[in-house]
Amino acid sequence: MNISNFTQKSQEALRNAQENALSRGNAEFRPEHLLYALLLQEDSVVPVALSQAGADLSALKGATLSVVDAFPKGSTGPQLYLTPALAKTFDAAEKEMKAMGDSFVSTEHLLLGLLSVESEAKKILERSGADRDKVLRAL
């Protein structure tokens, strides 16, 4: 993962997700942190696409926050452990970028990456009614 290949909005989402994990004392940086950051991002295509795909954004935010709140808390210091699921999510996002013929990983690529990798974030999205095909049509 090369952060310079991410759009400004994607980099912003990553920073916000990391800050959220650190402020909660989570030692692991997980897909659910990223999903929550994407859901909160203003002027982003992600909430719009999810709404158009039929997801209830308020319920989606609540479900994601409940999962994030349940993560173990402790003293993490300045570093987070990137979970394998989040690493796979970033890889999947880069593959989506290439498949779409884009030059940078955008927030929609990150969303599609979340929908491609088994994690609680994917389950939350699918329970909300936002599967990969619906999201692709909404994009």
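A salt bridge is a side-chain nitrogen of Lys or Arg within 4 Å of a carboxyl oxygen of Asp or Glu, and by this rule the count in the structure comes to 7. The structure is a predicted model, in which local features need pLDDT of at least 70 and side-chain atom pairs count only at pLDDT 80 or more, while totals for chains, interfaces and linings use all residues. Residues are numbered from 1 along each chain as its sequence is written, and side-chain values use heavy atoms, with hydrogens and water left out.

The pLDDT, which is the predictor's confidence in each residue on a scale from 0 to 100, has a mean of 92 over the protein chain, and 96% of the residues reach 70 or more. Among the helices (DSSP runs of H or I of at least four residues, numbered from the N terminus), H2 has the highest confidence in the chain, at a mean of 97, and H8 the lowest, at 82. Where pLDDT is low, the predicted coordinates should not be read in detail.

Helix H2, which spans residues 31-40, is a good place to start. Of its 10 residues, 9 are buried (under 20% relative accessible area, where over 50% is exposed and anything in between is partly exposed, with a 1.4 Å probe and protein chains only), so the helix is largely enclosed by the rest of the structure. The buried residues of H2 include Pro31, Leu34 and Tyr36. Two of the H2 residues, Pro31 and Leu34, are touched by Leu86, which also touches Phe29 and Arg30, when residues up to four places away in sequence are not counted (contact means heavy atoms within 4.5 Å). Leu86 belongs to helix H5, residues 84-99, and is itself buried, with a relative accessible area of 0%. Although Leu86 and Phe29 are 57 residues apart in sequence, their C-alpha atoms are 7.4 Å apart in space.

Helix H6, residues 107-116, is also mostly covered, with 8 of its 10 residues buried. Those buried residues, among them His109, Gly113 and Leu115, pack against H1, H2, H3, H5, H7 and H8.

The salt bridges can be followed one by one. Arg30 pairs with Glu28, with the closest N and O atoms 2.5 Å apart; Arg30 is partly exposed at 21% relative accessible area, and Glu28 is partly exposed at 28%. The side chains of Glu96 and Arg132 also meet in a salt bridge, at 2.2 Å from N to O. Glu96 lies in helix H5 and Arg132 in helix H8, so this pair ties together parts that are 36 residues apart in sequence. Glu96 counts as buried at 10% relative accessibility, whereas Arg132 counts as partly exposed at 29%. A further salt bridge joins Arg127 to Glu120, the closest N and O atoms being 3.1 Å apart, and Arg127 counts as exposed at 59% relative accessibility. Salt bridges that share partners also join Glu118, Lys122 and Glu126 into one network.

The loop between H7 and H8 holds Ser128. A polar atom of the Ser128 side chain lies 2.5 Å from the backbone oxygen of Leu125, and, leaving aside neighbours within four places in sequence, Ser128 is in contact with Gly54, Ala55 and Leu60.

Further along the chain, Leu136 sits in helix H8, residues 132-138, and counts as partly exposed at 31% relative accessibility.

Key: Helix = DSSP H or I, 4+ residues; strand = E, 2+ residues; numbered from the N terminus. Polar contact = N/O pair within 3.5 Å; in protein donor to acceptor, adjacent residues only side chain to side chain.
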